[in-house]
Structure formats: C-alpha cells, structure tokens
Amino acid sequence: MPSSPSFSKKSTPFRPNGWQERGAARSTRGSCTRASVLFLIILSISLVIIFKKDAIVSRQVSRHLRQQAIPNCVNVEDMLRSKFFKPGERYPGWTGGSKDTSDQVLGGRRFGQDPLNLDQGNSLERPKLLGFVGIQTGFDSVERRKALRETWFPSDPEGLFRLEQSTGLAFRFVIGKTQDAKKTAELEEEIETYHDFMRIDFEEVYLDLPKKTLAFFKAAYLLFDADFYVKADDDIYLRPDRLSTLLAKDRSSPRTYLGCMKKGPVIKDPKLKWYEPQGHMLGNEYFYHAYGPIYALSAEVVASIALARNDSFRFFINEDVTVGAWMLAMNVNHEDNRDLCDPKCTATSIAVWDIPKCSGLCKPAEKLRELHKIDKCLNSPTLPADE
C-alpha cells in the first residue's frame, strides 16, 4: 500500500491532488455542519422570541380595549351566563372541535367587571363555539324581539342551550344603553324574564351603528372563542341549522368575510336615503361588500379588529359600507353566498328578508310570524319544537 505523501521544506511546490481536494471538501462539509447547527440554534432562539411576542400581543388585547374611549366594551356582560352560572361552573355550551372541554369552565370574574383578563393568561372564560351570532337590537324593538322569540329564536335559556348544542352557535340579542330611564327599566324587566341579551357599554344612537358594530365585535371576541362571529339584525328570518352548516365548511383562507355581496352607486344626494356624506372619498361606485342584515367574520379577522385602536378605523354613515372598507384594508377573502339574502323561504335559504325593498323584513313583527307558518321556513331539525 503506498504511503501517504509527506511535505517538507524540500518538497516540490504544492499542487492539490485528489486527496487534498477531498480533504478540503471534508473540511468544507465540517464548516457547513457547524454553520447548520449554528443556524438551527439561532432559528430556535428566534422562534422562542416570536412565540413569546405573540403571547405578549395576545395578553395586550384586553389592555388595549380598556384604553379605548369610543366605543368602550369593558363592561360587556353575557346576561345568560352571569345569571345562571357561578364562577368555576361548567358552561353547557358547544363541546365540538378539538379543544378540551376545560375551555368551557367559567373563570372567577363577573363578566361586567372584567370579562377576559388576558394579562393573567386566563382564557377559560371564553366558551369554545363554532359561531357566536349577535342579533343587533334596540330599545324600540320590543315587538321584533317578541316575534323572534315566537318563531326561530328560542324563548328560554334551556332552548338557547339546546340550540347551541345542536348547531355549535350561541345566540344573543346585542344592545347598548340609553339615558331614557323608562326604557332602561323596561329592558331590565325583559332581561330578567329571558336572560338572552349581551349588553355592551355603548350609547344607542341610530347614526352610530358603525361604532356599535365595532363595539359588538370587540365585546364578542372578549366573551366567546368562536370560529366565526356573525352580525345579524333583528328583522330577518334565520335558519340556524343551515347557518351552522355554512360556517362549518372547510376554507382555504383563515381570514374570511362571509355574506351576501353587492356593489352599487354611491349616494351623494343629501335628500336620498343611504346618503353618504363622505361620498367624495369613495368615488362613484361602492367597493364589493356584504349587505348589512347578516354577515360573518372569521376569528382571525375579529382578532385583528379587537387588537386595533378605535381611532385607526374610518367610519362611514352606513354600517355595511364601513365594515366593507375595513375588510378591504385587512386583505380578507370575500365569500359571497346568496342564501344569506333570500327574499323567500326555499330549501336552501339561510336568511330571509325583503331584498331589495327593505334592509331586512319590511314589516318584521308581522312578517316573521307569517314566514314561520310556511313549512320551508320552520321545518328545521334544530329549531325548538312548539310546546
């Protein structure tokens, strides 16, 4: 076997041969290995920092909300849970999904005081749901709520829980506050009877509906850990089972804006309905956005809304346009579904209202009861049976 070459001062000038080249390659590979290890260490440290930052950001949600002035939803309260469940008791909500049912144990705070203290990492106060549906209502909508409770909306807490168990959807009427003492007293009496409200710290004014909507999404995010958050008006006929099926679909994007989409001319004449004072900023035609009576935002979208400062949002006079503008800025996936704006009950209709005549049902209290007599409207396996 030939001996390995030796090198001395008397040796001939160095000429790399195959052996030296292979040695150089091994040396290079060793350097690469050390570099790879170093890279992995740096990457691991970076990931730890990123995850830690994400946790810090999450804990800042409630802190940001408490710093907001308009609208303030710190005093949001789910009347049903605050009435029937004590701190530490298990909330009998939807137990679907992959999360452990311990997510449904209520924490040790009354919701009106501090509904979600993320600063202490307490996430147990947010029941896990497929969707939270906030039925936007007002102090003058007593007859509408009465008609809803006589039709598709359960009229007692047990009915609400049964509907939630069967669909994964929690339903509450969403209302703010008023300076009218008589109306406040009437609402308190209604709450004591039905316990189906979510109250937010917001002064009810019709022209401030966009701000109420912002307060709703922030409050809903604080109270519920849902895959979707649905804004709906109190003048539509809804099929909860079909809405549940729609929300449960697999989607490629986690940032979803789901509704009955539209475009149309910007109304710049002050004498016309839907006049937009800031029309000069919008051009001649509205961008693609959902009709206001019902639409849904995925959890990731609502989380972004909850984290953002209130003064970073632009408000237009029309609520649906306002939310549509936010969605353009947030790079969401617009999902159009015409079953959310069906003018009549069909085998596939999810939400029924008088499009395009009215933004909702034209005579809601009467029309809700009429629709509920139609088999295609009321024949739902998830709707509570008549007593």
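Which residue forms a salt bridge with E204, and how far apart are the closest N and O atoms? In this predicted model, the partner of E204 is K212, and the closest N and O atoms of the pair are 2.8 Å apart. The two residues are covered to unlike degrees: E204 counts as partly exposed, with a relative accessibility of 21%, whereas K212 is buried, with a relative accessible area of 3%.

**Salt bridges**

The count of salt bridges in the model comes to 25, and the table lists some of them.

| Salt bridge | Closest N and O atoms |
|---|---|
| E204 with K212 | 2.8 Å |
| E190 with R149 | 2.9 Å |
| R149 with D196 | 2.8 Å |

Through salt bridges that share partners, R145, R149, E190 and D196 are joined into one network. Within this network R149 forms a salt bridge with E190 and a salt bridge with D196. Because R149 lies in helix α3 and D196 in the loop between α5 and β4, their pair ties together parts that are 47 residues apart in sequence. The salt bridge of E190 with R149 likewise links separate elements, since E190 belongs to helix α5 and R149 to helix α3, so that parts 41 residues apart in sequence are tied together. These three residues can also be described by their cover: R149 counts as buried at 9% relative accessibility, E190 is buried with a relative accessible area of 9%, and D196 is buried with a relative accessible area of 1%. As background, side chains of opposite charge can pair when their charged atoms come close.

**Helix α3 and its surroundings**

Helix α3 spans residues 142-149, and its buried residues are R145, A147, L148 and R149. The buried residues of this helix pack against strands β2 (128-136), β3 (169-177) and β4, and also against helices α5 (181-194) and α10 (364-371).

**The sheet**

Eight strands make up an open sheet with mixed pairing, in the order β1-β4-β3-β2-β5-β8-β7-β9. At its edges stand β1 (77-78) and β9 (333-336), each of which pairs on one side only. Inside this order, strand β7 (residues 256-262) and strand β8 (residues 289-298) run antiparallel and are joined by five bridges; L258, for instance, has A296 in β8 as its bridge partner.

**Nonpolar cores**

Which residues have the most contacts inside the largest nonpolar core? They are F132, I305 and M327, in a core that has 83 residues. Helix α6 supplies the largest share of this core, namely eight residues. Apart from this core lies another, of seven residues, which include V266, L282, Y286 and F287. When neighbours within four places in sequence are left aside, F132 is in contact with A170, R172, M198, F216, A220, F224, A226, F228, Y229 and V230. In general terms, nonpolar side chains in soluble globular proteins tend to be buried together.

**A nonpolar patch at the surface**

What residues make the nonpolar surface patch of about 520 Å²? V205, Y206, L207, L209 and W274 make it. V205 is placed in the loop between β4 (197-203) and α6 (209-223). With a relative accessibility of 38%, V205 counts as partly exposed, because that class lies between the 20% limit for buried and the 50% limit for exposed residues.

Conventions
Residues are numbered from 1 along each chain as its sequence is written. This is a predicted model: local features need pLDDT of at least 70, side-chain atom pairs count only at pLDDT 80 or more; totals for chains, interfaces and linings use all residues. Side-chain values use heavy atoms; hydrogens and water are left out. Patches are made of residues with over 30% relative accessible area and no salt bridge: like charges are joined within 9 Å, nonpolar side chains (Val, Leu, Ile, Met, Phe, Trp, Tyr) within 5 Å. Accessible areas come from the Shrake-Rupley method with a 1.4 Å probe; for residues, only the protein chains shown count as cover. A salt bridge is a side-chain nitrogen of Lys or Arg within 4 Å of a carboxyl oxygen of Asp or Glu. Helices (H or I, at least four residues) and strands (E, at least two) are DSSP runs, numbered from the N terminus. Buried means under 20% relative accessible area, exposed over 50%, partly exposed in between (1.4 Å probe, protein chains only). A nonpolar core is a set of buried Ala, Val, Leu, Ile, Met, Phe, Trp, Tyr and Cys residues joined through side-chain atoms within 4.5 Å. Contact means heavy atoms within 4.5 Å. Two strands pair if DSSP finds at least two bridges between them.
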